[in-house]
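Biologist: Please show me the model. Then let me ask about it.

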Number of protein chains: 2
Amino acid sequence: MGDMTNPVLVEITRGPLVESVHRGAVAVADAQGRLRLAVGDTEAAIFPRSALKPIQAVPLIESGAAARFGLSDEEVALACASHSGEPQHTTRIAAWLQRIGCSVTDLACGPHRPVHEATANAMILRGERWTPLHNNCSGKHTGFMTLARGLGENPAGYQQLEHPVQQAVETTLKEMAGLHGALPHGIDGCTVPNFALPLAALARAMAAFADPADLPPSRAQACARIVAAMTAYPELVAGTGRSCTLLMRQSPNIAVKTGAEGVYVAILPSLGLGVALKVDDGTTRAAEAAIAAVLIALNAVGDEAAAHALAHAPVFNTRNVQVGERRVPAGLFR
Amino acid sequence: MGDMTNPVLVEITRGPLVESVHRGAVAVADAQGRLRLAVGDTEAAIFPRSALKPIQAVPLIESGAAARFGLSDEEVALACASHSGEPQHTTRIAAWLQRIGCSVTDLACGPHRPVHEATANAMILRGERWTPLHNNCSGKHTGFMTLARGLGENPAGYQQLEHPVQQAVETTLKEMAGLHGALPHGIDGCTVPNFALPLAALARAMAAFADPADLPPSRAQACARIVAAMTAYPELVAGTGRSCTLLMRQSPNIAVKTGAEGVYVAILPSLGLGVALKVDDGTTRAAEAAIAAVLIALNAVGDEAAAHALAHAPVFNTRNVQVGERRVPAGLFR
């Protein structure tokens, strides 16, 4: 993160006072990298975390691996997903793993409790333990192994920076973001490399999905298929009640993706624009509110109900009494 | 919150970069209100949230209600608790409720999932639903109803600002914090009023617990009993693995208490000081790290292991790979 102090993107009130604030930065760019909106420091390097997933899926399609293994649009959506571990996610990924000759034990991601609480509770009742299949990234990992197979490489070790799968991801990211040279990298929550880049460059990469005219044809087709798959299956990209799912369902012409530590990106094909934002403190409640407010300001949402509900939401307590609200300062994105 | 930009209290790194930052303010005061340390804006009004609980327990003792109903030190600790809903908490509170002629249905707090995951999972397996008894504030609420009984008032409505119980809390807070006039208030997560005050004044109120010499004798005794109960039963003030419990267990001469939205307070009897801090964005991981660093800087911890583990902690991913760290910038509190 840079030294500049970013503005407050989201306020949380209680009674008459602002109780907490979330600072951050927002970039809206076109496919040539021109910034249409810049709030805060858009040049500091950030980790996109799971907002990188649409880009991580590009080599899977572009290489021909997806076609060779007959990937459905549902599976492409799952490759881009931070899914909630519901049966609709895990059953599809389990079948896909089997089709490429891999199994749950080949997944490099660790197990974690399904994000979907009812699924987790049902597993507890059945005496089941979560596996790497329930990791929100298991679709991405299955995509990585599919790509490895397509490249004629051993899927084992696909999570290593030196593996051709991760090299393909880094090259694709740099090309789509207009960057050169090695990118700083860290290890993501699911153990694959995550690459850091300026927020403005991440917005540009998302704009390349929205306006792929200048990309090589094979990549343009890959980008179009990814956007089509995400927008066709919003419930597979996240899950029941999740913000990505709600936003895409109410605005079927846009693709959005959240990332850990307060990241959110959006692909806006009808405007030819990409959006990237990072909340300084990494809080999801703020990233959700901020992306919704940006989409409203850009007139990018269809039915605005879901976006408004995220951008300006009542805060309830354990008695379902409204005690405050979550809101974006007026005029921030105008 | 004020308009001043507070400094970064805690950084979260990933690989070579700082991924997220948490800003906030810290006040360390003596019982006369002199600030020994002030980082950031200590005059802006904040909600103490559950860090108010030691003060909310003062009228319970001072009024004689605790003595009349034979409250044990364990019950006094639970009155100050944000407990994890473990059997060690709920069984004691259930028995206490019965002793004052009240029941779970009299609790004004709503139900929520026990903070302690094993307890929640065991309840799911038994087909049980959480009740207001599992609310982390149920000990405080039982204390409020005990106070109502002691005052000869009807416990019903004890959560209303106008009820003598809440009036006693507001008066006690103002006197201990050195404030005059009505305080701004909001509704807390558990439906009782929470009063806003400057961070410096909250630190002063905590210092009054640490150095009660100037308080009226009945209040000084109440404060001493509360500190003794919290330090004697750290596992009842929070629960298994929780930061308040760990810090108090390793430093039996101090009392600490967390509050929602990034608040932490500490009572340091051997130094005669009180500490209060608020993380701007409301994040617990940052409040825990910051309070630990402040306590280390003040030489207020006994065995420093728990405090160091909170102030400078590795961040692990789902594969238990270290991906970064949580740290407090060097020299911030020196």
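**Pockets, cavities and core**

Biologist: Which elements of chain A and chain B each supply at least two residues of the lining of the second largest pocket?

Modeller: A pocket is an open set of points on a 1 Å grid over the protein atoms alone, with protein on both sides within 12 Å along at least five of seven lines, and lining residues have an atom within 4 Å of a point. Elements are DSSP runs, numbered from the N terminus: helices (H or I, at least four residues) and strands (E, at least two). Chain A supplies helix 12 (243–250), strand 8 (255–259) and helix 13 (284–297), and chain B supplies strand 11 (313–316).

Biologist: What kind of model is this, and which pLDDT do local features need?

Modeller: Residues count from 1 along each chain as written, chains are lettered from A and ligands numbered from 1 in written order, and side-chain values use heavy atoms, without hydrogens or water. The model is predicted; totals for chains, interfaces and linings use all residues, side-chain atom pairs need pLDDT 80 or more, and local features need pLDDT of at least 70.

Biologist: Which element gives the largest share of the lining of the second largest pocket?

Modeller: The pocket has 28 lining residues, with Ser50(A) and Asn136(A) among those nearest its centre. Three residues make up the largest share, and they come from strand 8 of chain A.

Biologist: What is the volume of the largest pocket?

Modeller: Its lining has 29 residues, and Arg49(B) and His112(B) are among those nearest its centre. Volume is the space filled by probe spheres set on grid points, which are joined across faces, edges and corners. For the largest pocket this comes to about 780 Å³.

Biologist: How are the two copies related?

Modeller: Superposition is by least squares on C-alpha atoms of residues with pLDDT of at least 70 in both copies. Chain B falls on chain A after a rotation of 180° with 0.0 Å of shift along the axis, at RMSD 0.0 Å. The copies are therefore related as by a two-fold rotation axis.

Biologist: Which helix gives the largest share of the largest nonpolar core?

Modeller: Such a core joins buried Ala, Val, Leu, Ile, Met, Phe, Trp, Tyr and Cys residues through side-chain atoms within 4.5 Å. Buried means under 20% relative accessible area, exposed over 50%, partly exposed in between (1.4 Å probe, protein chains only). This core has 109 residues, and Phe209(B) and Leu295(B) are among those with the most contacts inside it. Its largest share, 11 residues, comes from chain B's helix 12 (residues 284–297).

Definitions and conventions: On a 1 Å grid over the protein atoms alone, a cavity is a set of points where a 1.4 Å probe fits but cannot get out, and a pocket is an open set with protein on both sides within 12 Å along at least five of seven lines; lining residues have an atom within 4 Å of a point.
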